[in-house]
Amino acid sequence: MVAMSNNPNTSRIVWMDMVRGSMILLVIIHHWISRVNEYDSLSSMGIYQAIYNIKIFFAPFRMELLFFLSGLIVRKSIKKDKNEFINGKIKNVLYPYIIWSCIYLVAMTYKHMFSGETRQVIEYVFRITTGTCDLTWFLYFLFVYFMISRVILNKEVNPFIVLFICFACIMIIPDLGFYKSLEVDFIKESDLFYYFIFFYLGCILGIKGVDIPGLSKRKPILLLSIASLIVVEMINFQANTFKTSIVYLPFVLMAIPLLVVTGGLISKVSAVRKILGHLSINSIVYYLSHYILIMIYFKAFSISKINEQIYCPLVLILTLLSGYFIVRAKRKFNLINLLFTPKLLTLKPSVT
């Protein structure tokens, strides 16, 4: 995936690595702390309450920023030959989506497979085809966005028309109930348009070559960004509002400059820069593998005699370490690498 590059030899944009790495880490913490909170003896402890509040604090930004950063680098591929462009997205986005969706299909429904209850299995297969399966939905959305953005940008459609259509669709179809019928509660039908706004604005800024860090440091913009972050968190903690509600949208967008500046500041700490840079470069590995690792470790420890106060922190540590070893193994063993990208998959360039 272009937005989640695995090639450490490509030139890196530091602030983007810091933001992307931070969001990937927050996604991992999000899924881990959600499992920890299932234990009544731990959910009320101060440290876990603090981590849970951090999770809530960044909830309106995690996936939004990952889509925004993905859009920023579209300029690198948008002018490629059509078949070359499509081939790249199939290999780097659609391929891992299919592979890991099938992995999660087995992980989520293996009990039903063994018991012969096919309804849940068929339902999950349907979720794969509609982009509503656990975790990998991000890649489904991203593939759709890449395909749509190529058409929109090459035809030079007025950005205001695109944004107006997205706003209208968010307002018209906030919740059709289709996703709920599939027992999906982490995304809504309108989210396809909500997240596209972040992706598309990233595309526009990237193509125009806007100096995002420089612009973000301007005092009026930075002050507006700080104020917007305060509004976001007031809505976040005080109102019972879904994280992709349209009331968040303008304030989340205006809060991005502050997060960009913060990314630049934390990059000055060498250890932080190395850790987040590693997570960013290998984000496809950590993003796709962490959830199943969390499931495995919690399951393994839950049947052991180890106290949950000891093994819950260990699950997070082992998940991150396992991700690191998968990255190392991926570079040496083709079989593991095939979980993320195919070795051979090419389409002939179109003749012009």
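## A contact at D17

A polar contact of 2.7 Å links the side chains of D17 and R12. That's in a predicted model, and it makes a handy way into the rest of the fold.

D17 belongs to helix α1, which covers residues 14–36. Is D17 buried or exposed? Its relative accessibility comes out at 6%, so D17 counts as buried, the cut-off being under 20%. Leaving aside residues up to four places away in sequence, D17 touches R12, L276, G277 and S280. So R12 turns up twice here because the pair shares a polar contact and R12 is also on the list of residues that D17 touches, contact meaning heavy atoms within 4.5 Å.

## The overall fold

Zooming out, the protein is built with 17 helices and zero strands. Its radius of gyration is 20 Å, close to the 20 Å that the globule rule gives for 352 residues, so the protein is as compact as a globular protein of that length. Measured out along the principal axes, the C-alpha atoms fill a box of roughly 60 × 50 × 45 Å.

Of the 352 residues, 49% are buried. As for contacts with a separation of 6 or more, 79% of them are between residues 24 or more positions apart.

## Surface and charge

What does the protein show to the outside? About 17500 Å² is exposed, and carbon and sulfur atoms supply 67% of that area.

On the charge side, there are 35 positive side chains and 18 negative ones. The centres of these two sets sit 12 Å apart.

Note on methods: Residues are numbered from 1 along each chain as its sequence is written. This is a predicted model: local features need pLDDT of at least 70, side-chain atom pairs count only at pLDDT 80 or more; totals for chains, interfaces and linings use all residues. Side-chain values use heavy atoms; hydrogens and water are left out. Helices (H or I, at least four residues) and strands (E, at least two) are DSSP runs, numbered from the N terminus. Buried means under 20% relative accessible area, exposed over 50%, partly exposed in between (1.4 Å probe, protein chains only). A polar contact is a pair of N or O atoms within 3.5 Å; within protein, one must be able to donate a hydrogen and the other to accept it, and residues adjacent in sequence count only if both atoms are side-chain atoms. The radius of gyration is taken over C-alpha atoms; the globule rule is 2.2 Å times the number of residues to the power 0.38. Accessible areas come from the Shrake-Rupley method with a 1.4 Å probe; for residues, only the protein chains shown count as cover. Lys and Arg count as positive and Asp and Glu as negative; His and the chain ends are not counted. The place of a charge is taken as NZ of Lys, CZ of Arg, CG of Asp or CD of Glu.
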